[in-house]
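Visitor: Hi, I've just opened this one and don't know my way around yet. Can you walk me through it?

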Amino acid sequence: MDLALSPEDIAFRDEVRSFIAQNLTDDLREAGRKTGGVFTDFDAGMRWHRALARRGWSATTWPREHGGTGWSAMQRYLYAREMTAADAPRLFNMSVRMVGPVVMKYGTAEQKAKYLPGIVSGDIVFCQGYSEPGSGSDLASLKTRAVSDGDDYVINGTKIWTTNAHQANRMFCLVRTSTEGKPQDGISFVLIDSMDTPGLTVKPILTLAGDHEVNQVFFDNVRVPKANRIGPENGGWTVAKYLLEFERGGDAYTPNLYARLDDVRRIARDEAADGSGRLVNEPDFARRLAEVEIDIQALEMIELRVLSDLNRGRNPGAASSSMKIRGSETLQKIDHLGVEALAWYASPFEPEARQLGHNEPTVVPEAGITAMPLYLNNRASSIYAGSNEIQRNIVAKAVLGL
Ligand SMILES: Cc1cc2nc3c(=O)[nH]c(=O)nc-3n(C[C@H](O)[C@H](O)[C@H](O)COP(=O)(O)OP(=O)(O)OC[C@H]3O[C@@H](n4cnc5c(N)ncnc54)[C@H](O)[C@@H]3O)c2cc1C
């Protein structure tokens, strides 16, 4: 894998920089800087998505034939580095990143025509209905039942931890269509075309940091046309697993990690250490910053390999599990250093400081207003997208052959 930037790569990077300079407005940068969880404020994120769509850049991992950029692995990586360095909003990208590739691989021609252009433009925004109370790691035990009734399924049950179900306009969902045989053999993958479908209710769950990102979704005789099933009836498990590889890989982790580490460095440059100097020069803290940077560099190598595989049409496989483990653990280490650097300034609860346009004085220094929310919200990063224990089981089996 050749990591040196070619003249074409440099020209591409400059093109991205110039697009950012012209289109990433101050309020969008503010939204990006104030991201206190996984995704930036939904409306700001969608505004940025639409700006990218106008430029043809909203589906960076997709082939051109479906409205994607068709970029090489290196281009996608350079793009992600430029975006995070400029504080661009972190997009709620379950549609582009997860369900899009599934529709491309398993969808019919009608389904591709129905969903893919809307995902690219931002008109179609999916949330993910996989987990249920009692079915997270053991996803195949899911109970939400879809019973056949003419051309429809009638769905009853509940999904939980559904990120942005209150913001999305559609949902991709795993449902039980059979209780015979192995649990994996009775699951189907369906797309729900409106979050306002009668019988569907979304209730908020507040995170540790007090944010509303996740929800519980209830189904009370929700009708979904069978034409919205992706893949065969009872064949949803294969589709579901394919999607999970894109949930865990397929998007660059390390650009965000580098940007977050820079944020911590900024705080440590300002904050006093015990005695007279600055925290960033305090040997133990400086050593831990350096260790995290080395972790990021190691992850970057795996990531570039995965991106390069994706570029050749290969799906990420078990490497996405390694990336998910290392990416989330490194993120949590950075969050920990951020809180430590702020010391007692990390404690005040000032959620209003993260609202867009807020310009009142705050107790927490401006560079640190997201440190505690990120620390708290990112505790979940070793749980969502399949817990790290489960990823280790996958690596043990698929990579180490244990
Ligand atoms: C912030 C957040 C956002 C989320 N967003 C979504 C979403 O949008 N859509 C969606 O469908 N889901 C979402 N999830 C759900 C997430 O995928 C599940 O929480 C996750 O899969 C773990 O399942 P669980 O919570 O049921 O925990 P459990 O499966 O009950 O696990 C509990 C603990 O036991 C461990 N464990 C379980 N089985 C094993 C095993 N075989 N070997 C070793 N250890 C094991 C786990 O690692 C964990 O530590 C989200 C979760 C969070 C926290």
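**Domains and a helix pair**

Guide: Sure. Keep in mind that this is a predicted model. The centres of domain 1 and domain 3, taken over C-alpha atoms, are separated by 20 Å.

Visitor: Okay, and how many residues does each domain put into that contact?

Guide: Domain 1 gives 19 residues and domain 3 gives 16 residues.

Visitor: Which helices supply at least two residues of the side of domain 1 that touches domain 3?

Guide: That would be α2 (26-33) and α4 (73-85). The largest share of that side comes from α4, with seven residues.

Visitor: What's the class mix on that side of domain 1?

Guide: The side of domain 1 that touches domain 3 has seven nonpolar, six polar and six charged residues.

Visitor: Let me back up: where do the domains run along the chain?

Guide: The domain assignment puts domain 1 at 7-91, domain 2 at 126-235 and domain 3 at 249-399.

Visitor: New topic, then. How do α8 and α10 cross?

Guide: Helix α8 covers residues 254-270 and helix α10 covers residues 319-342; their axes come within 9 Å and cross at roughly 15°. Angles under 35 degrees count as roughly parallel, so α8 is roughly parallel to α10.

Visitor: Is that crossing left-handed or right-handed?

Guide: The crossing of α8 and α10 is left-handed.

Visitor: And which residues make the contact?

Guide: On α8, they include Leu-257, Leu-261, Val-264 and Ile-267. On α10, Leu-331, Ile-334 and Leu-337 are among them.

Visitor: How do the residues of that contact divide?

Guide: The contact of α8 with α10 has 10 nonpolar, two polar and two charged residues.

Technical notes
Residues are numbered from 1 along each chain as its sequence is written. This is a predicted model: local features need pLDDT of at least 70, side-chain atom pairs count only at pLDDT 80 or more; totals for chains, interfaces and linings use all residues. Axes are lines fitted to C-alpha atoms, for helices over the stretch in contact, and angles run from 0 to 180 degrees between N-to-C directions. Helices (H or I, at least four residues) and strands (E, at least two) are DSSP runs, numbered from the N terminus. Angles under 35 degrees count as roughly parallel, over 145 as roughly antiparallel, 65 to 115 as roughly perpendicular and the rest as oblique. A crossing is left-handed if the near helix is turned anticlockwise from the far one by less than a right angle, and right-handed if clockwise. Two residues are in contact if their C-beta atoms, placed from the backbone, lie within 7 Å. Ala, Val, Leu, Ile, Met, Phe, Trp, Tyr, Cys and Pro count as nonpolar, Asp, Glu, Lys and Arg as charged, and the others, Gly among them, as polar. Domain bounds come from an automatic or database domain assignment.
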